[in-house]
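Visitor: Hi, could you walk me through this one with me? I'd like to jump about a bit.
Guide: Happy to, ask away.

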Amino acid sequence: MKIPLPPGNKMSSSSKSQQLKGKMHLLSQADGSCSLSVGQTAFMAAVYGPREVKMNKEKVDKAVIEFMYRPKVGQSGCGERFWETLVGNTCETAILCSLHPRKSVGIIVQELQNSGSQLACCINAAFLALLDACVPVRYMVAATCCIITEGSTEPILSPTAVQEENAIAHMTFAFDSVDHNVVCSHTTGCFSEDQFQLCLEVCRKANKQVFDFYREALRERLSGSMIEC
Amino acid sequence: MGVNFQRLDGRGTYDYRKITITFGIDRGCCHVQIGDTRVMAQVSCEVTTPKQTRPNEGLLYVNAELSPMAAPHFEAGRPSQQGVELGRCLERCLKESRCIDTESLCIMSGMKVWAIRVDVHVLNHDGNLIDACSMAAITALTHFRRPDVTVSGEEVTILSVEDQDPIALGVHHMPICVSFAFFHQGKYLLVDPNEMEERVMDGKMVIGMNKHRELVTLQLTGSMLLHKDQVLRCTQIASTKVQEMTKLIEEALKNDVHERATGGQFGSASSQDPSHVTSHVTTEKTMEEVDTEALRELARETVLKGRETDRESPGMTRAPDITLLGKQTGRIGEGGLSSWDVEDIEESEEDDVEMIADTNVKVVRETSHISKCLGIDSSEDSEEDVTETLAAHHLGVHESSRGASGDTTIDLTTALNQQKRPAPGRERGKVKR
């Protein structure tokens, strides 16, 4: 299926993340929800739970994390399933599952617009929704991605779709908010050991801004709910 | 009767909630919000072969799914009754009303046509999904542009968007659904029911209509009957509502064209209103630049350090923390001696007989193994024959001769000596009983 390319697809500068925009608690049915955009890429996430779980999925000692990724066009295929496992496991490491045995936490992420840095935005949206739902977590998790282009030593942070097309390697890293250790790493393409470490450090540095964004967003969200009360 | 004739959200009988229409960056992407109900539609296209019966008509697929995001009781996978109803209603409204010019989608008769697909995602369910979905779908179809094609002989070339301006679909008319909820066996009626009203309604009527007052679809669900005057009255209301909504859609489309032409803000990212209390936007200033040069050295160091440790101890860098426990010790928890043998002497005597038999079997099996390992006198006799003749003290010899290599197998001499005491085999005896 083809969607004609969007006209305005600006290039992002190499060593700077794109602008983050977020809105929390915007769906009335979900326990926690958010929409997040990085540059022009936008995702919406909803969290239900901890709630009851089907008998066949139940785990007696901890909560089950049910992650679902919904693409914009068509049915979800093999690639989407892979993402579901990847992001689901990333969230599971952060959530204190053992606090809610025989329960499930459902995370649903809907793609709204894909203009690059998709996986990172997906992880961030899912986690922001988890924060909104007040699910207890060990630490916050945020992801940043970068690409390596041919002939350039500088990695490009949160690339656009056009930049991704010309990339020789694409890397996404998720870090925890306490020690800034890697929680999840996903790479495609060819790269050397040096390049990998460089990208890792660049992403780790840039990622701190995402945590700042989380804190600010959460502060505004909580002050907002105070007004509503 | 105690009826106050008032709706929970303070609306009048024929009032719609606030309708917002926004567009994505992609062509054919439309978000519709009616109150708290949120729906997104995305149109896409591909080239396929047409149906045999209609060789020069393009195809239109409508795919509506109730995403589990929208409400806790919606499940992915097999569509629910509500999901099927929504899908069928949309199909009748869009496909069977022939609002899209399918003949203009033909590229080569009987060979290649465009297939247009509308994916409707329900993001939040707060009642009146059908109206929201039909609005989103028809707006997205009008907003969509398909790539241009050139045909030379048998060859079809799809031109990229940069080369040739994409083409809009031929939309003959815009059918929109309007829902009515009925209460008290059709005595009271409400327009645009929200989720709470939908839960308590007796029945529902959906009227699909375009602005020329042409009826496209009419569906009545629920367990009640309606007078024909009431149906006529509903169509009157629907026609005015459809006029209003069409005007709204046309305005939104015009705005979008203007924004795109002037390079203004559009798309889902820009639709996030920063004035909303619970929204947050990073400013340009807060997104700092990352100093790549400083990090480059750090990365280099890590790589070198990693290589060094590899060189020092190739293979495994760290010895695994495994402590070998003594023989016949429990493996659950911390380890230590078996605590299973609780003193129970009276019963143990009868068990002993069984246990001796048990251990004998074990001895036989064990010895055959040992003799195989050591390669002793299995010359002519079969292994089983040899084992029969072996006694306990032989085993002791063999065990010691195996020396340090003896691994996890049970120390048979001790096992035999311990037969008098209700020792390790005890657990087995207990289980049997």
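Visitor: Which helix gives the most to the lining of the second largest cavity?
Guide: That is α4(A), with 3 residues. Helices (H or I, at least four residues) and strands (E, at least two) are DSSP runs, numbered from the N terminus. A cavity is a set of points, on a 1 Å grid over the protein atoms alone, where a 1.4 Å probe fits but cannot get out, and lining residues have an atom within 4 Å of a point.

Visitor: Before we go on, what sort of model is this?
Guide: This is a predicted model, where local features need pLDDT of at least 70, side-chain atom pairs count only at pLDDT 80 or more, and totals for chains, interfaces and linings use all residues. Residues are numbered from 1 along each chain as its sequence is written, chains are lettered from A and ligands numbered from 1 in the order in which they are written, and side-chain values use heavy atoms, with hydrogens and water left out.

Visitor: Back to the second largest cavity: which residues line it?
Guide: The lining consists of A:Ile148, A:Ser152, A:Thr153, A:Glu154, A:Pro155, A:Gln195, A:Leu198 and A:Cys199. By class they divide into 4 nonpolar, 3 polar and 1 charged. Here Ala, Val, Leu, Ile, Met, Phe, Trp, Tyr, Cys and Pro count as nonpolar, Asp, Glu, Lys and Arg as charged, and the others, Gly among them, as polar.

Visitor: What volume does it have?
Guide: About 40 Å³. A volume is the space filled by probe spheres set on the grid points, which are joined across faces, edges and corners.

Visitor: And how many cavities of 30 Å³ or more are there?
Guide: The structure holds 2 of them. The largest has about 100 Å³ of space. Its lining has 14 residues, and A:Val38, A:Ala143, A:Thr144, A:Ser158 and A:Val210 lie nearest the centre.

Visitor: How does that lining split by class?
Guide: There are 8 nonpolar, 6 polar and no charged residues. Helix α2 and strand β6 (141–149) of chain A each supply at least two residues of that lining.

Visitor: Which sheet does β6(A) sit in?
Guide: An open sheet of 4 strands in the order β7-β6-β8-β9 (chain A), with antiparallel pairing. Two strands pair if DSSP finds at least two bridges between them. β7 (156–157) and β9 (182–189) of chain A are at the edges with a single partner strand each, so one side of each has no neighbour in the sheet.

Visitor: How many bridges join β6(A) to β8?
Guide: 9 bridges, with β6(A) and β8 (residues 167–176) of chain A running antiparallel. A:Ala143, one of the residues nearest the centre of the largest cavity, stands opposite A:Ala174 in β8(A).

Visitor: New topic: how many aromatic pairs are there?
Guide: Over all chains, 7. Rings of Phe, Tyr and Trp (its six-membered ring) pair if their centres lie within 6.5 Å; planes under 30 degrees apart count as stacked, over 60 as edge-to-face and the rest as tilted. A:Phe127 and A:Tyr214 are a stacked pair, 6.3 Å centre to centre with 10° between the planes. This pair links distant parts of the chain, 87 residues apart: A:Phe127 is in helix α2 (residues 118–132) of chain A and A:Tyr214 is in helix α4 (residues 193–228) of chain A.

Visitor: Are those two buried or exposed?
Guide: A:Phe127 and A:Tyr214 are both buried, meaning under 20% relative accessible area (exposed is over 50%, partly exposed in between; 1.4 Å probe, protein chains only). A:Tyr214 also forms an edge-to-face pair with A:Phe211, at 6.0 Å centre to centre and 85° between the planes. These two are 3 residues apart in helix α4 of chain A, so about one helical turn separates them.

Visitor: What about chain B, how enclosed is strand β6 there?
Guide: It is largely enclosed by the rest of the structure, because 12 of the 13 residues of strand β6 (residues 112–124) of chain B are buried. Strand β3 (residues 37–48) of chain B pairs with β6(B) in the antiparallel sense over 11 bridges, while β4 (residues 59–65) of chain B pairs with β6(B) in the parallel sense over 7 bridges.

Visitor: And what links β5(B) to β6(B)?
Guide: They form a hairpin with 3 residues between them, and B:Gly110 in the turn has a positive phi of about 75°.

Key: On a 1 Å grid over the protein atoms alone, a cavity is a set of points where a 1.4 Å probe fits but cannot get out, and a pocket is an open set with protein on both sides within 12 Å along at least five of seven lines; lining residues have an atom within 4 Å of a point.
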